[in-house]
Amino acid sequence: MRTTRLPAVLLAAACATATTAVAVGAGATFGAPSAHAADPGGQAFAIGDPRITESSGLAASRQHPGVYWTHNDSDDGPYVYAIDSQGRTVATVTLRGVEPRDVEAISLGPDGRLYVGDLGDNLGGKWPEVWIYAFAEPAELHDQTVDVTRYKVRYEDGPRDAEALMVHPVTGRAYIASKKQGGGGLYQGPEKLSPTGVNTFRRIADAPWTTDGVFSPDGTRLVLRGYFSATLYRWKDGAPSDAEPLSTPFQRQGESVTFTSDGRALLYGTEGKDSPVWRAPLDDAQLPDTVEPLRSATPAPSAPSDSSAAPTSGAAAPPSHAEGKDTPASTGDKVLGVAFLAAIAVAVFGLRRKKREG
């Protein structure tokens with residue numbers, strides 16, 4: 001079979017245009033002229049505590065502005081850390097009487113308590129039950145040991161791996177998103193968790209591959225993220241709708257996401273030593289219902305490039321409630337495709353013109 005090779009000039013033109021298209025696609029939402037003109041996003045801070053090498057969840061504090069709660073994955077201990085806006089640890093909280101198995105998520109409820117999800121199951125559904133630990137968010141930031149309430153959790157359709165726990169900031173209801181490539185689900189807990197007996201979580205919607213999730217402070221938006229993508233949903237009548245892919249930073253192992261306390265931006269975290277946490281402002285149409293857009297005609301500069309966290313278009317497919325449903329392509333993919341075809345057309349035209357002139 002004969003192989004057709006593209007001329008060097010065609011390859012060069014296509015590659016150059018494709019590179020430009022990637023840059024345009026990546027910045028189409030991350031650095032476009034919008035409500036966040038004065039907030040271009042970029043690295044907010046890096047977690048400098050040498051004990052925190054597997055940050056697997058983030059939750060913005062309500063009592064302490066600019067402080068975020070995080071924790072390690074497995075193989076650490078019953079610890080939750082308070083990190084300030086410079087990435088410094090300002091408090092270590094020890095959960096009394098807890099022997100965690102695989103802690104994967106943290107969320108703040110409307111009752112002022114932090115909920116820690118010991119949800120991981122990397123053995124493909126070995127554990128018949130998992131747990132949620134809850135304790136009051138400390139009023140003062142210093143090292144301390146706290147009592148917790150432990151909730152036993154099971155899924156109606158059997159054990160599964162999960163890394164995302166979201167407590168709704170208005171109703172207080174808990175939700176878990178399972179981690180599965182195709183066939184993942186969003187599970188709803190009982191109206192109120194019970195510290196006695198079993199809390200059964202029931203599947204209410206499909207979900208993409210999810211490593212963390214978060215509700216907006218007003219509860220009108222839900223974000224689910226994976227390693228390399230994130231999806232924003234409108235939250236209506238106790239269920240997700242109107243899925244929209246988001247631009248996300250490229251991180252070594254994207255594990256966490258949280259809204260800022262004002263609801264205007266998302267913070268994305270990753271595992272690893274000195275792990276960077278990136279801030280991504282939301283466009284006007286993506287803002288929670290109670291957040292007013294900031295009008296500005298000045299274009300926002302693109303987010304600074306970084307080898308460990310360069311912004312990339314959110315290409316993950318949003319969850320579907322029907323098998324085989326088409327999912328919308330991301331802005332970056334569309335721009336890339338059109339630009340690439342244009343490059344080929346221009347290069348071919350140039351070659352033909354050169355032959356005629358010769």
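Leaving aside its neighbours within four places in sequence, which residues is Arg113 in contact with? Keep that selection for the third stop; the tour starts with the whole chain.

**Whole chain**

The model is predicted. Select the protein chain and show it as a cartoon: its secondary structure comes to 2 helices and 23 strands. Of its 358 residues, 49% count as buried. Switch to a surface view, and the accessible area comes to about 16800 Å², with 53% of that belonging to carbon and sulfur atoms. Among contacts with a separation of 6 or more, 55% are between residues 24 or more positions apart.

**The open sheet**

Next, colour the 8 strands of the open sheet, whose order is β6-β7-β8-β10-β14-β13-β12-β11. The pairing in this sheet is mixed. Select 105-108 for β6 and 162-167 for β11: these strands stand at the edges, and each has a single partner strand, so one side of each is left without a neighbour in the sheet. From one strand to the next, the twist averages 30°.

Three pairings can be inspected in turn.

- Start at β6 and add residues 113-118, which make up β7; the two strands pair in the antiparallel sense over 4 bridges. Here Leu108 stands opposite Leu114 of β7.
- Move to β10 (residues 149-155) and β14 (residues 199-207), which pair in the parallel sense over 3 bridges. Pick Arg154, and the residue opposite in β14 is Thr200.
- Then add β13 (residues 184-188), which pairs with β14 in the antiparallel sense over 5 bridges. Leu186 has Ala205 in β14 as its bridge partner.

When hydrogen bonds are displayed, recall that strands of a sheet pair through backbone hydrogen bonds, either parallel or antiparallel.

**Arg113**

Return to β7 and select Arg113, which has its place in this strand. Show side chains. The side chain of Arg113 makes a polar contact of 2.9 Å with the side chain of Tyr115. Another polar contact, also listed at 2.9 Å, joins the side chains of Arg113 and Tyr151. Now for the opening selection: with neighbours within four places in sequence set aside, Arg113 is in contact with Ser107, Leu108, Ala134, Phe135, Ala136, Glu137, Thr149 and Tyr151.

**Two nonpolar cores**

Which residues have the most contacts inside the largest nonpolar core? Select Trp69, Val80, Val93, Leu95, Ile106, Val116 and Phe135; the core has 18 residues in total. The strands β4 (79-83), β5 (89-95), β6, β7 and β8 (130-136) each supply at least two residues of this core. A second, separate core has 17 residues, including Tyr115, Tyr151, Ala174 and Ile176.

Centre the view on Ile106. Not counting residues up to four places away in sequence, Ile106 touches Gly57, Leu58, Ala59, Trp69, His71, Val80, Leu114, Tyr115, Val116 and Leu165.

**Gln251**

For the last stop, go to the loop between β19 (248-249) and β20 (254-259) and select Gln251. Is Gln251 buried or exposed? Its relative accessibility is 0%, so Gln251 counts as buried. Add Tyr268 to the selection: the backbone oxygen of Tyr268 lies 3.0 Å from a polar atom of the Gln251 side chain.

Terms used
Residues are numbered from 1 along each chain as its sequence is written. This is a predicted model: local features need pLDDT of at least 70, side-chain atom pairs count only at pLDDT 80 or more; totals for chains, interfaces and linings use all residues. Side-chain values use heavy atoms; hydrogens and water are left out. Two strands pair if DSSP finds at least two bridges between them. Axes are lines fitted to C-alpha atoms, for helices over the stretch in contact, and angles run from 0 to 180 degrees between N-to-C directions. A polar contact is a pair of N or O atoms within 3.5 Å; within protein, one must be able to donate a hydrogen and the other to accept it, and residues adjacent in sequence count only if both atoms are side-chain atoms. Contact means heavy atoms within 4.5 Å. A nonpolar core is a set of buried Ala, Val, Leu, Ile, Met, Phe, Trp, Tyr and Cys residues joined through side-chain atoms within 4.5 Å. Buried means under 20% relative accessible area, exposed over 50%, partly exposed in between (1.4 Å probe, protein chains only). Accessible areas come from the Shrake-Rupley method with a 1.4 Å probe; for residues, only the protein chains shown count as cover.
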